[in-house]
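Biologist: Please choose one residue of this model and describe its surroundings closely. Then work outward from that residue until the packing around it is clear.

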Amino acid sequence: MNHTVQTFFTPASTDCPLNYEMLKEEHEVATLGEPHNPAPPTSTMIHIRSETSLPDHVVWSLFNTLFMNSCCLGFIAFAYSVKSRDRKMVGDLTGAQAYASTAKCLNIWAMILGIIMTILLIIIPILILQAYQ
């Protein structure tokens, strides 16, 4: 039902036959009476943000920067994580997702290379010491 004030025309004044909508509105006006408030109703739209938890991997990147920064991948991952957080604060979720995905990939490679280098730094000296004995 439309609550705005409308002028209804009779077939004599419009020279066209009545359609169903006009008949329905005339019936509603006759049954319910004229609207009590002549001003059109106002509506309020509320946009509720969906609180999707979009990870930005800042803590993981900081860990890799401090402890497993092989080939500076941890630092680069940290930079992308900060960019992801900035995009998320602005409201650009697609940009934040792109930066977070890059940061995640860099963090994975930094972690893998850091673990391999740590293992090699432990195993190679042990093998050298065993070779001299």
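Modeller: The residue chosen is Asn107, which touches His57, Trp60, Ser61, Asn64 and Ala77, leaving aside residues up to four places away in sequence. The model is a predicted one. Asn107 belongs to helix α5. Asn107 counts as buried because its relative accessible area is 0%, and the cut-off for a buried residue is under 20%.

The helix that carries this residue deserves a description of its own. Helix α5 runs over residues 93-132 and contains 40 residues. From its first C-alpha to its last, α5 reaches 58 Å, close to the 58 Å expected at 1.5 Å a residue. Asn107 is one of the buried residues of α5; the others are Gly95, Ala96, Ala100, Ala103, Leu106, Ala110 and Gly114. These buried residues pack against two helices, α3 (58-67) and α4 (73-90). The partners of Asn107 can be placed accordingly: Ser61 and Asn64 are residues of α3, and Ala77 is a residue of α4.

The packing of α4 on α5 may be taken next. The axes of these two helices come within 8 Å and cross at roughly 160°. An angle over 145 degrees counts as roughly antiparallel, so α4 is roughly antiparallel to α5. The crossing in which α4 passes α5 is left-handed. On the α4 side, the contact is made by Leu73, Gly74, Ile76, Ala77, Tyr80, Ser81, Lys83, Ser84, Arg87 and Lys88. On the α5 side, these residues meet Leu93, Gly95, Ala96, Tyr99, Ala100, Thr102, Ala103, Leu106, Asn107, Trp109, Ala110 and Leu113. By class, this contact comprises 13 nonpolar, 6 polar and 3 charged residues.

One charged member of that contact merits a separate remark. Lys83 is placed in helix α4. Its relative accessibility is 40%, so Lys83 counts as partly exposed. Asp56 lies 27 residues away from Lys83 along the chain, and the C-alpha atoms of the two are separated by 8.7 Å.

The other pairing of α4 is with α3. Here too an approach within 8 Å is found between the axes, with a crossing at roughly 160°. That angle makes α3 roughly antiparallel to α4. α3 passes α4 in a left-handed crossing. From α3, the residues in contact are Val58, Ser61, Leu62, Asn64 and Thr65; from α4, they are Gly74, Phe75, Ala77, Phe78, Ser81 and Arg85. This contact divides into 5 nonpolar, 5 polar and 1 charged. Ala77 therefore appears in the contact of α4 with α3 as well as in that of α4 with α5, and Ala77 is also one of the residues touched by Asn107.

Within this second contact, Thr65 offers a useful detail. Thr65 lies in helix α3. With a relative accessibility of 18%, under the 20% cut-off, Thr65 counts as buried. Apart from residues up to four places away in sequence, Thr65 touches Gly74, Phe75 and Phe78. The C-alpha atoms of Thr65 and Phe75 are separated by 5.0 Å, although the two residues are 10 residues apart along the chain.

The loop between α3 and α4 contains two cysteines with notable backbone angles. Cys71 lies in this loop and has a positive phi of about 60° without being a glycine. Cys72 also lies in the loop between α3 and α4, and its phi is likewise positive, at about 60°, although it is not a glycine. Their accessibility classes are not shared. Cys71 is exposed, as its relative accessible area is 64%, while Cys72 counts as partly exposed at 44%.

The local picture can now be set against the whole chain. The protein has 5 helices and 0 strands, and from the N terminus on its elements run α-α-α-α-α. Of its 133 residues, 17% are buried; Asn107 and Thr65 are among them. Among contacts with a separation of 6 or more, 60% are accounted for by residues 24 or more positions apart. To return to the starting point, Asn107 is a buried residue of α5, and the buried residues of that helix pack against α3 and α4.

Notes. Residues numbered from 1 in each chain as written. Predicted model: local features only at pLDDT ≥ 70, side-chain atom pairs only at ≥ 80, totals over all residues. Heavy atoms only, no water. Helix = DSSP H or I, 4+ residues; strand = E, 2+ residues; numbered from the N terminus. Expected span 1.5 Å × (residues − 1). Buried < 20%, exposed > 50% of the residue type's maximum accessible area, 1.4 Å probe, protein only. Contact = heavy atoms within 4.5 Å. Axes fitted to C-alpha atoms, helices over the stretch in contact; angles between N-to-C directions. Parallel < 35°, antiparallel > 145°, perpendicular 65-115°, else oblique. Left-handed = near helix turned anticlockwise from the far one by under 90°. Nonpolar A, V, L, I, M, F, W, Y, C, P; charged D, E, K, R; others polar.
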